[in-house]
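Work through the exercises below with the sequence and the model open. Try each task before reading its solution.

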Amino acid sequence: MQRTDDTTTHTMNHTTTIYAQRRARVAAQLGPGGIAIVPTAPEQARNRDTDFLYRHDSYFYYLTGFTEPNAWLVITDDGRSTLFCAPKDLEREIWDGFRLGPEAAPAALGVDAAFSAGSLDAQLPRLLENRRTVWYPFATHKGLESRIDGWLGSVRARVRYGALCPEQQRDLCGLLDEMRLVKDAHEQDVMRRAAQISAGAHVRAMQLSARMLREGQDVREYHLDAELLHEFRRLGSQYVAYGSIVAAGANACVLHYRADAAPVRAGELVLIDAGCELDGYASDITRTFPANGKFTGPQRTLYDLVLASQDAAAAATKAGARFIDPHEATVKVLAQGLLDVGLLDRNKVGTAEDVIESRAYFQFYMHRTGHWLGMDVHDCGSYVEPSQVGEVSERKDPLSGETITNRPSRILQPGMVLTIEPGLYVRPAEGVPEQFHNIGIRIEDDAIVTATGCELISRGVPVKADEIEALMRG
């Protein structure tokens, strides 16, 4: 066994305690006779005999800290946790790498018992027998419901011998989503580090773009993408949190564009939406910058407008506010700005209030200002306030004519983490001033909600236009 120093041992003990505490919180909510079953993600074939790079299931990792495939966790209402994992196999470990194995799992992970994953079908009916309610994550793992049905069928086959079969099945996602929505101090520290790494990668990509253009080199989107990946891995990130968007020129007006081979040209903007994943937690940062390091007048006008809308959204992000408040603050600034710069004709659309009411801004800003962030880049958690789910109202969407059901937006609490990402995307169209054509801008930061406001943990990369230009001159 590899030796560890006192610091490493302390860190392992600390994190093991965190996972044990989470399992205890789950157990306490299962109710009398409750049992929870949580599988990790399966390995996925990429092509022929090659798999995609493995990534664990977020719910499973949240409760175990275990990253190996072919593993299951069972928690019962008495607080007992049982792990099923791949058995030790020295021959397979030559090919596939180290396996923890069930013998070492209790001490390493803090679970009460562990068995080989191969014994799952034999053990689960015994664990389910005489339970009242079985909890598992609904609609997340293909075939899971059928497998649980099979185990329950084995329990029912024993009713003549006095066995009782669970009468209820409940979705574990809702319970875990609420737990995961508020990040503890350990999670916040990991996310700060992930954001720091990602911010540094954005800095490098900005500087590379300007430097290569100054030197007269042919610059492509994939050059900047490569710089991001290099910095992510150089500083210890395990994965990208999502497929990076590196969009030059008009490509920035495509919301989910992927880094490709388009040229990066002086005089155009580049939009990069990219973040790394570190120890199971995502970061999510977007910056828009001039490819050669100098904004043109129209670019600067729209950039400053988007930044002002982000400032307003950040000011609205605090404990006690609603999740919708940052979006509404953004739209208010953008609506007035679109009128001021001439992208919207006030003779046709009216005042800023009219623009908001009619959603005329939607031509240039068509997405929400943020989403939850955590283990998943679009993290779990309801956007509706749980205490007000029953307060329902309806409205007709002015653009689509569809009837939309509204419920009160989530009340923000300290420890929630969300993105703040306003933007403007100007495609050529009738009535749109030509000077703004094909300008796409998004500015995105990661925010931890605090009692008095929010902590923007991704500001290691500049956001003000003057600071971006200064950085790119270096």
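The exercises that follow use a predicted model and cover a sheet, a cavity and a pocket.

**Exercise 1. The sheet**

Task: Find the order of the strands in the open sheet of 3 strands, and state how they pair.

Solution:
- Step 1. Set out the order. The sheet runs β10-β11-β14 and is open.
- Step 2. Check the direction. The pairing is antiparallel.
- Step 3. Identify the edges. These are β10, residues 245-248, and β14, residues 285-290. Each edge strand pairs on one side only.
- Step 4. Look at the angle. Neighbouring strands of this sheet are turned by 10° against each other on average, with direction ignored.

**Exercise 2. One pair of strands**

Task: Determine how many bridges join β10 to β11, and name the bridge partner of Ala247 in β11.

Solution:
- Step 1. Recall the principle. Strands of a sheet pair through backbone hydrogen bonds, either parallel or antiparallel.
- Step 2. Locate the neighbour. β11 spans residues 269-274.
- Step 3. Count. There are 4 bridges between β10 and β11, and the two strands run antiparallel.
- Step 4. Pick out the partner. Ala247 is bridged to Leu271 in β11.

**Exercise 3. The cavity**

Task: State how many cavities of 30 Å³ or more the whole structure holds, and describe the lining of the largest cavity.

Solution:
- Step 1. Search the whole structure. The result is 1 cavity of 30 Å³ or more.
- Step 2. Give its volume. The largest cavity takes up about 50 Å³.
- Step 3. List the lining. The residues are Phe323, Pro326, His327, Thr369, Gly370, Leu418, Thr419 and Ile420.
- Step 4. Assign elements. Two or more lining residues come from each of α11 (324-341) and β17 (417-420). β17 gives the most, with 3 residues.
- Step 5. Sort by class. The lining has 4 nonpolar and 4 polar residues, and no charged ones.

**Exercise 4. The pocket**

Task: For the second largest pocket, give the volume, the lining residues closest to the centre, and the element with the largest share of the lining.

Solution:
- Step 1. Start with the volume. It is about 880 Å³ for the second largest pocket.
- Step 2. Go to the centre. Of the 26 lining residues, Ile324, His327, Glu328, Arg368 and Arg395 are the closest to it.
- Step 3. Assign elements. α11, α13 (352-358), β15 (393-396) and β16 (403-406) give two or more residues each.
- Step 4. Rank them. The largest share, 4 residues, comes from α11.
- Step 5. Sort by class. The pocket lining has 12 nonpolar, 6 polar and 8 charged residues.
- Step 6. Link back. His327 lines the largest cavity and also belongs to the pocket lining.

Conventions. Residues are numbered from 1 along each chain as its sequence is written. This is a predicted model: local features need pLDDT of at least 70, side-chain atom pairs count only at pLDDT 80 or more; totals for chains, interfaces and linings use all residues. Side-chain values use heavy atoms; hydrogens and water are left out. Two strands pair if DSSP finds at least two bridges between them. Axes are lines fitted to C-alpha atoms, for helices over the stretch in contact, and angles run from 0 to 180 degrees between N-to-C directions. On a 1 Å grid over the protein atoms alone, a cavity is a set of points where a 1.4 Å probe fits but cannot get out, and a pocket is an open set with protein on both sides within 12 Å along at least five of seven lines; lining residues have an atom within 4 Å of a point. Grid points are joined across faces, edges and corners, and a volume is the space filled by probe spheres set on the points. Ala, Val, Leu, Ile, Met, Phe, Trp, Tyr, Cys and Pro count as nonpolar, Asp, Glu, Lys and Arg as charged, and the others, Gly among them, as polar.
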